[in-house]
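Welcome to a set of short exercises with worked solutions. Keep the sequence and the 3D view open, and try each task before you read on.

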Amino acid sequence: GSTNNILQVGPAIFGNSELCLNETETYTHTVSGGTWSTSDTAVLSIDPSTGVATANADGSVTITYLYTFNSCSYSNSKSIIVNALPVAPAVSDVAYCQNETASALTATALTGNTLQWYTLPTGGTASLTAPTPSTTTVGTTSYYVSQKDDTTNCEGPRSAITVTVNALPVAPAVSDVAYCQN
């Protein structure tokens with residue numbers, strides 16, 4: 001009999017085919033030692049040796065992996081889409097008097113986006129529920145909100161909402177006064 005050596009044909013480049021702006025992704029291939037390239041470095045830059053790619057602008061590109069297998073040169077390509085980020089939501093700062101009843105914070109998401117609420121300017125875990133600030137302590141507290149595209153799952157920058165809790169004014173001191181006639 002005879003033996004056939006079959007090289008698998010198909011998706012040999014592994015990694016996401018859609019990225020969000022500023023996101024990084026490490027692409028891999030079933031055969032190591034090759035060289036990575038991109039059709040447009042303005043949209044997606046890629047390290048030729050490691051396959052680490054950075055999404056620089058929204059648009060579409062093709063990444064290519066050139067490699068040698070059994071003394072033959074091959075290339076595989078993959079189309080990548082870089083999605084834009086939603087804009088930061090419009091917000092307004094809020095002020096309360098100490099111990100006043102507070103309302104949940106508000107922001108407006110664009111159609112097709114969902115608000116993401118945070119207590120930190122970066123990192124942290126998002127909540128889909130707007131926080132209601134505490135007014136028991138005088139001072140300022142910052143909350144943060146972004147919007148996430150419901151289709152691409154790309155999340156935009158955060159807007160800060162500053163909540164100021166003002167002290168109640170001190171009641172004026174009064175005392176009774178007696179007057180004498182003449």
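**Exercise 1. A strand pair**

Which residue of strand 7 does T26 stand opposite?

Solution. Bear in mind as you work that this model is predicted.
- Step 1: Find strand 3, which covers residues 24-26, and strand 7, which covers residues 52-55.
- Step 2: Look at how they are joined: strand 3 and strand 7 run antiparallel and share three bridges.
- Step 3: Follow T26 across to strand 7, and you arrive at V52.

**Exercise 2. The sheet around that pair**

Work out the strand order of the sheet that holds strand 7, and find its edges.

Solution.
- Step 1: The sheet is open and has three strands, in the order 3-7-6, with antiparallel pairing.
- Step 2: Strand 3 and strand 6 each have a single partner strand, so they stand at the edges and one side of each has no neighbour in the sheet.
- Step 3: Ignoring direction, neighbouring strands here are turned by 20 degrees against each other on average.

As a reminder, strands of a sheet pair through backbone hydrogen bonds, either parallel or antiparallel.

**Exercise 3. A glycine in a loop**

Is G51 buried or exposed?

Solution.
- Step 1: Locate G51 in the loop between strand 6 (44-46) and strand 7 (52-55).
- Step 2: Recall that buried means under 20% relative accessible area.
- Step 3: The relative accessibility of G51 is 0%, so G51 counts as buried.
- Step 4: Now see what surrounds this glycine. Leaving aside neighbours within four places in sequence, G51 is in contact with E25, T26, Y27, W36 and I46.

**Exercise 4. A second sheet**

Describe the sheet that contains strand 12, then find the partner of Y118.

Solution.
- Step 1: Four strands make up this open sheet, in the order 10-13-12-11, and the pairing is mixed.
- Step 2: Strand 10 (94-97) and strand 11 (113-118) have a single partner strand each, so they are the edges, with one side left without a neighbour in the sheet.
- Step 3: From one strand to the next, the twist averages 25 degrees.
- Step 4: Strand 11 pairs with strand 12 in the antiparallel sense, over six bridges.
- Step 5: In strand 12, Y144 is the bridge partner of Y118.

**Exercise 5. Cysteines**

Which cysteines form a disulfide, and what does the disulfide tie together?

Solution.
- Step 1: Searching the whole structure gives one disulfide.
- Step 2: C20 and C154 form this disulfide, with sulfur atoms 2.0 Å apart.
- Step 3: C20 belongs to strand 2 (residues 18-20), while C154 sits in the loop between strand 12 (139-149) and strand 13 (159-166), so the pair ties together parts 134 residues apart in sequence.
- Step 4: The torsion about the S-S bond of C20 and C154 is about -95 degrees, so the disulfide is left-handed.
- Step 5: Check the surroundings: C20 and C154 are both buried. By contrast, C72 is partly exposed at 36% relative accessibility, and C97 is partly exposed at 38%.

**Exercise 6. The whole chain**

How many helices and strands are there in the protein, and what is its radius of gyration?

Solution.
- Step 1: Count the elements: zero helices and 13 strands.
- Step 2: For 182 residues, a compact globule would have a radius of gyration near 16 Å, but this protein has 29 Å.
- Step 3: Along the principal axes, the C-alpha trace spans about 135 × 35 × 30 Å.
- Step 4: Finally, 28% of the 182 residues count as buried.

Notes. Residues are numbered from 1 along each chain as its sequence is written. This is a predicted model: local features need pLDDT of at least 70, side-chain atom pairs count only at pLDDT 80 or more; totals for chains, interfaces and linings use all residues. Side-chain values use heavy atoms; hydrogens and water are left out. A disulfide is a pair of cysteine sulfur atoms within 2.5 Å. Helices (H or I, at least four residues) and strands (E, at least two) are DSSP runs, numbered from the N terminus. Buried means under 20% relative accessible area, exposed over 50%, partly exposed in between (1.4 Å probe, protein chains only). The radius of gyration is taken over C-alpha atoms; the globule rule is 2.2 Å times the number of residues to the power 0.38. Contact means heavy atoms within 4.5 Å. Two strands pair if DSSP finds at least two bridges between them. Axes are lines fitted to C-alpha atoms, for helices over the stretch in contact, and angles run from 0 to 180 degrees between N-to-C directions.
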